[in-house]
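User: Please take a close look at a single part of this structure and describe how it is put together. Please then set that part in the context of the whole chain.

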Amino acid sequence: MSPWLTVVGIGEDGFKGLGKNARRALLGATRVVGGPRQLDLLPACVRAERLTWPSPFSLAPVLVSRGQPVCVLASGDPMFFGVGASLSRAVPCDEMLILPAPSSCSLAAARLGWTLQDVVTLSVVARPLAALNAHLHSGVRLLVLSNDGNSPAAIAALLRERGFGPSRLSVFEHLGGPAERQVVTSANDWSGTPIADLNLVAIECLADETARPLSRVGGLPDSAFRHDGQLTKRDVRAITLARLAPLPGELLWDVGAGSGSIGIEWMRTYPSCRTLAIEADAGRQQLIEHNRDALGVPGLQLIRGKAPHALAGLERPDAIFIGGGVTREGVLETCWQQLRPGGRLVANAVTLQSEMRLMSWREQHGGELTRVHVAQAQPLGEFDTWRQALPITLLEMTKPHDA
């Protein structure tokens, strides 16, 4: 089938700013679907039926017209945090033509003289603002798509709270159109200027003396997490993450997540990594929710329940960490069964009983056992001595592709 669907990226300059192919598609369409703001940019000569997206959002107005000439309007580049991504999952690529316009990020970078390959782009459109926390480092440049006119003030408040009050903010309204405006200030000096709902915030991150920027390398300081003692300590955490070996787009099950440290650091490694944190204790569930937001991975999904029962029906993972409950009947078996072929399983044991369980499992299924001893120098009178932490036994396994 030749393309019946044309996705047209349209800017603030409206119909007159479109190329020949986009204009021809709109003039020949029987139906045009988009948001009210985009539809209002079309002139009367576009005679197609105009439909706004339903609430809750659905692709139904497009898909019911399959085979007819249909256009979808999107702001700027439809494939940049736009509807193009949703459509590409529902419509074969050979049935769809995408005609992008410059994105708001491209326009903002052009105004500022920033090179896009050196900029971090984020969206807080219907997304938690806490995602910014993972990217706050002096010298980093961020382009943030705002949810509405309140977003710049909320971003400024977050920057001040995290010790990045000196950061320079450039707020762009209606980029590319006749109403374009730029407001420049620092997060500390944000005055509550009224901002249009359609805006983008450019941030040049600058830290003050209170900031505590954190590396993305596995093994954050224990003080970076709120916890009740149920925390995989820093050195063991770094070793565990190295054995889990996160890769872009992979899903981790953090079973018996405690304070969520392993799953959180897994997601901080790559923006596309995901975690399902399984935890039964209500107090620790609250700690996980706090830590995931504070450390910039609000997309971590908390599964409230006890393994193995809480594992039923979950998406199969690429890697599994078992930090608690290894002696519980069925936990190891269920995790191993649900792990994708080629996936990694790492389980840590502190007690003799859990260590014996890992040794017994290794005898039956193979794997590699490692014992980790960590000692820290601490005062003893006028001198220092080594204080030995409890040893950790670590089981590492990779599931065969033919399993």
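Analyst: **The sheet around β14 and β15**

Ala-319 has Arg-344 of β15 standing opposite. These residues belong to a predicted model, in which local features need pLDDT of at least 70, side-chain atom pairs count only at pLDDT 80 or more, and totals for chains, interfaces and linings use all residues. Residues are numbered from 1 along each chain as its sequence is written, and side-chain values use heavy atoms, with hydrogens and water left out.

Strand β14 covers residues 319-322 and strand β15 covers residues 344-349; four bridges join them in the parallel sense. Strands are DSSP runs of E with at least two residues, helices are runs of H or I with at least four, and both are numbered from the N terminus. Two strands count as paired if DSSP finds at least two bridges between them.

Both strands belong to an open sheet of seven strands with mixed pairing, arranged in the order β13-β12-β11-β14-β15-β19-β16. At its edges lie β13 (301-304) and β16 (368-372), each of which pairs on one side only. On average, neighbouring strands of this sheet are turned by 15° against each other, direction ignored. Such angles, between 0 and 180 degrees, compare N-to-C directions of lines fitted to C-alpha atoms, for helices over the stretch in contact.

Helix α8 (residues 261-269) packs on this sheet and touches β11 (251-255), β12 (274-279), β14 and β15; contact here means heavy atoms within 4.5 Å. The direction of α8 makes about 165° with that of β11. Helix α11 (residues 352-365) also packs on the sheet, touching β15, β16 and β19 (392-398). Its direction makes about 25° with that of β19.

Two loops attached to these strands deserve attention. In the loop between β13 and β14 lies Pro-308, and the peptide bond joining Ala-307 to Pro-308 is cis, with omega about 10°. The loop between α7 (234-244) and β11 holds Ala-245. Ala-245 is not a glycine, yet its phi is positive, near 50°. Most residues other than glycine have a negative phi, and most peptide bonds are trans. Ala-245 is partly exposed, at a relative accessible area of 33%; buried means under 20%, exposed over 50%, and partly exposed in between, with a 1.4 Å probe and protein chains only.

**The rest of the chain**

A further open sheet has five strands in the order β3-β2-β4-β1-β5, and its pairing is parallel. Its edge strands are β3 (49-52) and β5 (96-99), each pairing on one side only. Neighbouring strands in this sheet are turned by 20° against each other on average, direction ignored. Within it, β1 (residues 5-10) and β4 (residues 70-75) pair in the parallel sense over six bridges, and Gly-9 has Ala-74 of β4 as its bridge partner. Helix α4 (residues 83-90) packs on this sheet, touching β1, β4 and β5, and its direction makes about 145° with that of β4.

The loop between β3 and α3 (60-63) contains Pro-56, where the peptide bond from Ser-55 is cis, with omega near 0°. In helix α5 (residues 104-112), Cys-105, Ala-108 and Ala-109 are buried. Seen down the helix axis, the buried residues of α5 fall within an arc of 100°, so they line one face; the arc is taken over the directions from the axis to the C-beta atoms. The cover over these residues includes β6 (120-123), β7 (141-145), β8 (168-173) and β10 (199-204). Just after α5, Gly-113 has a positive phi of about 75°.

His-174 sits in the loop between β8 and β9 (181-186) and has a positive phi near 50°, although it is not a glycine. Its relative accessible area of 21% makes His-174 partly exposed.

For the protein as a whole, there are eleven helices and 19 strands, and 46% of the 403 residues are buried. The C-alpha trace spans about 80 × 55 × 35 Å along its principal axes. Among contacts with a separation of 6 or more, 65% join residues 24 or more positions apart.
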